[in-house]
Amino acid sequence: MAEMGKGVTAGKIASNVQKKLTRAQEKVLQKLGKADETKDEQFEQCVQNFNKQLFEGSKLQKDLRTYLASVKAMHEASKKLTECLQEVYEPEWPGRDDTNKIAENNDLLWTDFHQKLVDQALLTMDTYLGQFPDIKSRIAKRGRKLVDYDSARHHYESLQTAKKKDEAKIAKAEEELVKAQKVFEEMNIDLQEELPSLWNSRVGFYVNTFQSIAGLEENFHKEMSKLNQNMNDILVNLEKEHGPSTYPVKAQPSDSTSAKANKTPSSPPDGTPVTSPEIKAVNHELEPSTLETPGGGIPKSPSQSSLPAVVVETFPATVNGTVEGGAPSERADMPPGFLFKVQAMHDYIATDTDELQLKSGDVVLVIPFDNPEEQDDGWLMGVKESDWLQHKEFDQCRGVFPENFTERVQ
C-alpha cells in the first residue's frame, strides 16, 4: 500500500484492491482459455529485443568493471616493480635521476589511462543502462493496463449478450471500456515508438564504447613504449659502464617430453655439477697421521698430507629406472616397482604437466617408467612420499624430475 503514496483515501485503497482482484480473475480465465487475450506479436518481439539488449548491456557493464579493476591492479603491480628498481639502483650508478623520472611518468600514465576509461567508457555505460529500469517498469504497467482493457471488454460484451439487459449497466461498462482502452493505447503507442528506437541505438553505443577503449589503449601503450625504451637505454648504459657482467640464465628442462631427449637436466641453483646415476665421487681430507707410505709407516710431508684423497662410493646402477642385476623392490608399503628413495637438495619448478615440482627436503619414491624407452638421460620417475602415504596411489601423483636436483637416501 505504501507505493501509492501519502494522502490515499480508503476509497482509493478499495478501488486498487478491486483492480488487482479483477486482473487476477481475468488472467485465470485467459489461461484456462475461457476468455480471449489481446495479442500484439510485433510488440512482443520488441519486448524480447529489449530484454536481450538489457542482458547484453548488463554483461558488458560487468565485464568493463572487471577490466577496470584489472587495470588498477596492473597499475599497482607496475608501481611496486618500479619502486623495487629505485631501491636497488645505487646512487652512484649513472641514470639514477632518469629512472626516478621514468617511474613518476609511469605512474602518471597508469592513473590517466584508468581515469579516461572511467570517463569515456564506464560513465557512458552507466548512462546507457540508466534508461532501462524506467522502460521496464512501463512495459510491466502496459501489461497490467492490457489486462484491465480485456477485462472491461469482456464485461461489456457479457452485459450486451445477457438475456435481461440493463441499459444503465451497459452504458457504465461501455464508459469503463473506453477509458481502459484509452489508457492502454496511450502507453502502448509510446512504447511502440521507443522500443525499436532503443534497440537500434545499441549499434552506435557498442561502436563508440569499444572505439573509445581501443583508442585509449593505443595511446597508453605508445606512451608506455617510449618510457620502456628510455629505461632500456639507461640499463644498457649501466651495463657498458660496469663491464660485461651479464647474469647467466641457465636453461630449464623443456616443456615437452620430446624436447627432454638428448639433453641432460640443468644444474641445481648452487652450481653443483651433474653426477652420474651410478657413481658419486666424494672428496675427503684425511688427517696427516693417517697418511702413510705403503711400505714402512713413515709419515708423509705436510705438503703431501694436504692433498685430498678421493673415495668412490658406488650405488647399484639403474637402467631405465630398474636396478641393474636385480628385480625392482616389491615392499608392501611402497608403490609397485619401488626402486629407492631420493631427497630433493634444491627446489625444482616444474615446466610441464608430467613433471614433479620439488621443494628442498622433499622425499621422492623412485619407480620405473611404464615404457623404458620414454626415459631420458638424467631423469627419474617417482611420486612424493607424502602423496603416496596420503593417497596410496600414484597414477595421478607421479611425475618425472631431474636426478641431479636430488640425492639418494635409501
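Here are some friendly questions and answers about this predicted model.

Q: In which order do the five strands of the open sheet stand?
A: Let's build the order from the pairings. Strand β7 (residues 379-384) is joined to β8 by four bridges, and four bridges also join β5 to β6 (residues 363-367). On top of that, three bridges join β5 to β9 (residues 406-408). The five strands form an open sheet with antiparallel pairing, in the order β8-β7-β6-β5-β9.

Q: Which strands stand at the edges of this sheet, and why is one side of each left without a neighbour?
A: The sheet is open, with its strands in the order β8-β7-β6-β5-β9. A strand with a single partner has one side left without a neighbour in the sheet, so the edge strands are β8 (399-402) and β9.

Q: By how many degrees are neighbouring strands of this sheet turned against each other on average?
A: The pairing in this five-stranded open sheet is antiparallel. With direction ignored, the average turn between neighbouring strands is 50 degrees.

Q: Which residue of β6 stands opposite Val342?
A: Strands β5 and β6 run antiparallel and are joined by four bridges. In β6, Gln343 has Val363 as its bridge partner. Opposite Val342 stands Val364.

Q: Which residue of β9 stands opposite Ala344?
A: Strand β5 (residues 340-344) is mostly covered, with four of its five residues buried. It runs antiparallel to β9, and three bridges join the two. In β9, the residue opposite Ala344 is Thr406.

Q: Which residues of β8 are buried on its two faces?
A: Strand β8 pairs with β7 in antiparallel fashion through four bridges, and Gly382 stands opposite Gly399 of β8. Both faces of β8 are covered: on one side the buried residues are Gly399 and Phe401, and on the other they are Val400 and Pro402.

Q: Is Asn404 buried or exposed?
A: Asn404 is found in the loop between β8 and β9. The cut-off for buried is under 20% relative accessible area. Asn404 has a relative accessible area of 9%, so this loop residue is buried.

Q: How many Å apart in space are Asn404 and Met345, C-alpha to C-alpha?
A: Asn404 belongs to the loop between β8 and β9. In sequence, Asn404 and Met345 are 59 residues apart, while in space their C-alpha atoms are separated by 8.8 Å.

Q: Where does helix α3 bend?
A: Helix α3 (residues 96-130) has 35 residues. From first C-alpha to last it reaches 50 Å, close to the 51 Å expected at 1.5 Å a residue. The helix nevertheless has a bend of about 35 degrees, and the residue where α3 bends is Val118.

Q: What separates Glu56 and Lys52 along helix α2?
A: The side chains of Glu56 and Lys52 meet in a salt bridge at 2.6 Å, N to O. Glu56 is partly exposed at 27% relative accessibility, and Lys52 is partly exposed too, at 42%. The two are four residues apart in α2 (residues 41-88), so their separation is about one helical turn.

Q: Which residues are linked with Asp134 in a network of salt bridges?
A: Asp134 and Arg138 meet through their side chains in a salt bridge (3.6 Å, N to O). They lie four residues apart in helix α4 (residues 132-160), and are therefore separated by about one helical turn. Asp134 is partly exposed at 46%, and Arg138 is partly exposed at 21%. The network links Asp134 with Arg138 and Glu194.

Q: How many Å apart are the closest N and O atoms of Lys226 and Glu223?
A: Both residues lie in helix α5 (residues 167-241), three residues apart, about one turn of the helix. In an α-helix there are 3.6 residues a turn, so residues three or four places apart point the same way. Glu223 is partly exposed, at 37% relative accessibility. In the salt bridge of Lys226 with Glu223, the closest N and O atoms are separated by 3.5 Å.

Q: How many disulfides does a search of the whole structure find?
A: A disulfide is a covalent bond between the sulfur atoms of two cysteines. Cys46 is buried at 11% relative accessible area, and Cys397 counts as buried at 15%. Across the whole structure, the number of disulfides found is zero.

Terms used
Residues are numbered from 1 along each chain as its sequence is written. This is a predicted model: local features need pLDDT of at least 70, side-chain atom pairs count only at pLDDT 80 or more; totals for chains, interfaces and linings use all residues. Side-chain values use heavy atoms; hydrogens and water are left out. The expected span of a helix is 1.5 Å times one less than its number of residues. The bend at a residue is the angle between axes fitted to the seven residues ending there and the seven starting there. Buried means under 20% relative accessible area, exposed over 50%, partly exposed in between (1.4 Å probe, protein chains only). Two strands pair if DSSP finds at least two bridges between them. Axes are lines fitted to C-alpha atoms, for helices over the stretch in contact, and angles run from 0 to 180 degrees between N-to-C directions. A disulfide is a pair of cysteine sulfur atoms within 2.5 Å. A salt bridge is a side-chain nitrogen of Lys or Arg within 4 Å of a carboxyl oxygen of Asp or Glu.
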